[in-house]
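Reader: I would like to go through this structure step by step. Please keep the answers short and give the reasoning.

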Amino acid sequence: MNAHENLLEVDGLSVSFDGTAVVRDLSFRVARGECVAIVGESGSGKSVTARSLLGLAGRGSLVTSSSLRLAGRDLRSATERDWRAVRGSQIGLVLQDALVSLDPLRPIGREIGDAVRLHSHLSAEDARTRVLSLLASVGMPDPERAIHQRSGELSGGLRQRALIASAIALDPPMLIADEPTTALDVTIQARILELLADVKSRGTGILLISHDLAVVSAIADRVLVMKDGRVVESGNTRELLAEPREEYTRRLIAAVPTDKPRHTPLVPGGASVPAVASAPDALAPAVLEARGLVKTFPSPAGRFRAVDDVSFCLRRGETLGLVGESGSGKTTVARLVLALATADDGDVLLDGGPFSELRERDRRPVRRRIGAIYQDSLSSFDPRLSVRRILADASALAPEADRSSVGELLDAVGLPAAVAGSLPLHLSGGQRQRVSIARALAARPEVIVCDEPVSALDVTIQAQVLDLLDRLQTDRGLSYLFISHDLGVIRHMSDRVAVMKDGRIVETGDAASVFEDPKHPYTERLVADAPRLVFAP
Amino acid sequence: MFVLWAVATLTFFAIRLIPGDPAEAVLGGPGSQASQETLDQVRRDYGLDLPLGVQYLNALGRLLTGDLGTSYALKVPVADLLAAQIGGTLVLALAAFTVAWAIALVLSLWSTRGSRFAASLGQGIELTSAALPHFWLATVLIAVFSSALGWLPPVSTGGPAGLVLPTVTLAIPLAGFLAQVMRETLLDTLDAPFIVSARARGESERGIRLRHALRHASLPAISLSGWALGYLISGAVVVETIFARPGLGRTLLQAVTLRDVPIVTGVVLLAALVYIVMTVVTDAASRLADPRLRRAEAGR
């Protein structure tokens, strides 16, 4: 037995649901202490693969393989009872978002303790000690307190740590992590990846599943690129990133926005944006200006200042990136700018004239000049209205002489005219976000507030949407207030950036200078933690 | 408090919409052939000759001092009457409530075990039982278990045997409602990511249900329970009459027929009070079962 013995051997794995194949003929190996990543878009079959390895492919699934061995043991003939003995003790599973991946009604101590209870005969006292030491080993501050807390009482990073603790409770030789850092802030994502790297260094084999090549490049030794249920390319991470053989892999690599200069298309072969537009006039007039915005909310400890003296100006034709982590007050700023919330102090000017100070009745006619795109486009649509109605309603707000037809709007965002008859629910995430961009354009705005417009999308779709926003800006001279927690996205999209932390803007300046030479320690940390393609893991 | 006032007011005016003279009710109904003097005397005694607004204020004033008045027909204080009757109804309602919860739990757990047959059958049973009217169910149960089989008495006199049929009559439709709500939540919960996490930990199907899913599934049913007890008490009117069982329901029915205003008002107020108490209790139970609610309040 040597350390590089294969821990997991999968050969010819196929999974189908009701006759539809979702995974076809998949083969790979994971050795002890090795991290293998499966990368692909939603629907590529990567999550189903992960679950099949636990015998949890689900109802109505047909799983076949010519070999499925864990530590030399054949799992193809495993009964449900055998699987239960394997799950947790031999293979652990970490899912996305511990808020819903840990039972929200039970304290995490009991969730983690369950794994211990199911596979060992420890006394209650010993099990408790084990849980405490597990929590300490995943970097949970104050485990004594944490075991009584539920997932909703912990921050995103801490509950993800708790979820990992529950998966490695019995020190399983194999850990499967399915999008373990998706929806986390960059700095927290970086810490969770460090934790997984730490687990790996203790000799655990890890199968990491993600849509984001930049995330996996940080810890994966080998990468399998999956598309439509098949592996299109696989190999050593460094070689695969440096010399991708397949077109699809190249697309995935190109889609990562980090370190891609502004106006570089993220989709290979996409029309590149003329360079003339890349330098908005530094003396261009401010189209939108925020002056000393303050917004407080009641909290147990007096009033909580969600937005604390925030001022910025957005010049015509430029993108101002507003970056910060969850809870930093970015979205509240967006709501104040859109006059959807009333500031306690300060005001918002549109084209030098009052906007936030207007009475609602007087503001309504000028509202159309500021558009908005949100992260969760689905919930921003009336689910019973067709795309045609949504766009027609929005374009009715535009000045009469300057209205676009539904067809023109769909064309502008690269959607086929046939989409007009659909309901938003029946569109894909990328299509929906295009519809919400079309809706924002319909009223002929001068400014668009983009609040995390690509955070819910796969990297490849994100790339398409970012390219689209970029092109529309050049074509129509739009100004964007672009809000995101993703530094890579912000940097790629912005002319200037403002870094927000705890309701305040801590640093502001040209995108290049802020990111290349951060002055504030917080900006420095954000820059260091942003996921980027690491060519030498 | 506001609810009690609103209920008292509504009852006071609604009962005056019933055609007929309350004074005649005091004297034993329209058939009593009472003379005009007697009627006038009664009107004066009961304050029925005063303007409606004054009558209302008088009634409200008495309620504030805790005086529910005296029954027109039976000539005994309403409070004593209610005190004597409430026990039977509460026993019946609580028994039916417990049985309904038990049936609903078993039915929803069984019908979500995965077989399509069990799911359709469970759904069928729920819909049918939720739609069954109490009077029909009671009649059928009596026909089967008393008349045909002779297992249980058709009349609910004291003793546990007499309690069975009325309890089952009340419990079955409610169980249908509760099971429907529970089954739906149970199915949603069984798809939740934390269930996958639990399975991946090696938890058994039984453990998944008992330790995780059941608690989530019971949350909406708990919130419904306040309403459910109100529903049971109103159902008691029918059931107590059919099984000739002493209780608030039967008292209410008789009082309405006799236009015995003080009793009707008393029963309605008492029901409202029970409703309010139950709402407070279910709120507390929800908070106990769902820590997220406690936190939401603490954060406010």
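Reader: How many helices and strands does chain B have?

Author: This is a predicted model, and what follows is computed from it. From the N terminus on, the elements of chain B run α-α-α-α-α-α-α-α-α-α-α-α-α. The count for chain B is therefore 13 helices and zero strands.

Reader: Into which domains is chain B divided, and how far apart do their C-alpha centres lie?

Author: Along its principal axes, the C-alpha trace of chain B spans about 85 × 60 × 30 Å. Chain B is divided into domain 1 (2-64) and domain 2 (79-299). The C-alpha centres of domain 1 of chain B and domain 2 of chain B are separated by 36 Å.

Reader: What percentage of the contacts in chain B join residues at least 24 apart, among those between residues at least 6 apart in sequence?

Author: Chain B has 300 residues, and buried residues make up 36% of them. For contacts in chain B between residues at least 6 apart in sequence, the part that joins residues at least 24 apart is 69%.

Reader: On which residue is the kink in α7(B) centred?

Author: Helix α7 of chain B covers residues 134-148, which is 15 residues. From first C-alpha to last, α7(B) reaches 20 Å, close to the 21 Å expected at 1.5 Å a residue. The helix nevertheless has a kink of about 30°, and its centre is I142(B).

Reader: Which helices do the buried residues of α7(B) pack against?

Author: In α7(B), the residues L137(B), A138(B) and L141(B) are buried. An α-helix has 3.6 residues a turn, so residues three or four places apart point the same way. The buried residues of α7(B) pack against two helices of chain B, namely α8 (160-190) and α10.

Reader: Which residue just after α7(B) takes a positive phi?

Author: The phi in question is about 70°. The residue that takes this value, just after α7(B), is G150(B).

Reader: Which residues touch the most other members of the largest nonpolar core?

Author: The largest nonpolar core has 217 residues. One of its well-connected members, by this count, is L174(B). Not counting residues up to four places away in sequence, L174(B) touches A96(B), A100(B), A228(B), Y231(B) and L232(B). The residues that touch the most other members are L481(A), L174(B) and L232(B).

Reader: Which element supplies the largest share of the side of chain B that touches chain A?

Author: The contact takes 18 residues from chain B and 23 residues from chain A. On the chain B side, α9 (193-200), α10 (205-242) and α13 (291-299) each supply at least two residues. By class, this side of chain B has six nonpolar, five polar and seven charged residues. The largest share, six residues, comes from α9(B).

Reader: What are the domains of chain A, and how far apart are the C-alpha centres of domain 1 and domain 3?

Author: The assignment for chain A gives domain 1 (6-231), domain 2 (286-369 + 446-455 + 477-528) and domain 3 (377-445). Between the C-alpha centres of domain 1 of chain A and domain 3 of chain A the distance is 39 Å.

Reader: Is L409(A) buried or exposed?

Author: L409(A) is placed in helix α15 (residues 406-412) of chain A. Leaving out residues up to four places away in sequence, L409(A) touches L391(A), S395(A), S404(A), A438(A), L441(A) and A442(A). The cut-off for this class is 20 or more other C-beta atoms within 10 Å. Because L409(A) has 27 C-beta neighbours inside 10 Å, it counts as buried.

Reader: Why does E446(A) count as partly exposed?

Author: E446(A) lies in the loop between α16 (429-442) and β18 (447-451) of chain A. Apart from neighbours within four places in sequence, E446(A) is in contact with V287(A), R369(A), L478(A) and S479(A). E446(A) counts as partly exposed because its number of C-beta neighbours inside 10 Å is 19.

Reader: What is the phi of D171(A), and what is the phi of A339(A)?

Author: Most residues other than glycine have a negative phi. D171(A) lies in the loop between α7 (156-167) and β8 (174-178) of chain A, and A339(A) is in the loop between α12 (330-337) and β15 (345-350) of chain A. Phi is positive at D171(A), near 55°, and at A339(A) phi is also positive, near 55°.

Notes. Residues numbered from 1 in each chain as written. Chains lettered and ligands numbered in written order. Predicted model: local features only at pLDDT ≥ 70, side-chain atom pairs only at ≥ 80, totals over all residues. Contact = placed C-beta atoms within 7 Å. Helix = DSSP H or I, 4+ residues; strand = E, 2+ residues; numbered from the N terminus. Nonpolar A, V, L, I, M, F, W, Y, C, P; charged D, E, K, R; others polar. Core = buried A, V, L, I, M, F, W, Y, C linked by C-beta atoms within 7 Å. Buried ≥ 20, exposed ≤ 12 C-beta atoms within 10 Å, placed from the backbone. Expected span 1.5 Å × (residues − 1). Bend = angle between axes of the 7 residues up to and from the residue. Domains from an automatic or database assignment.
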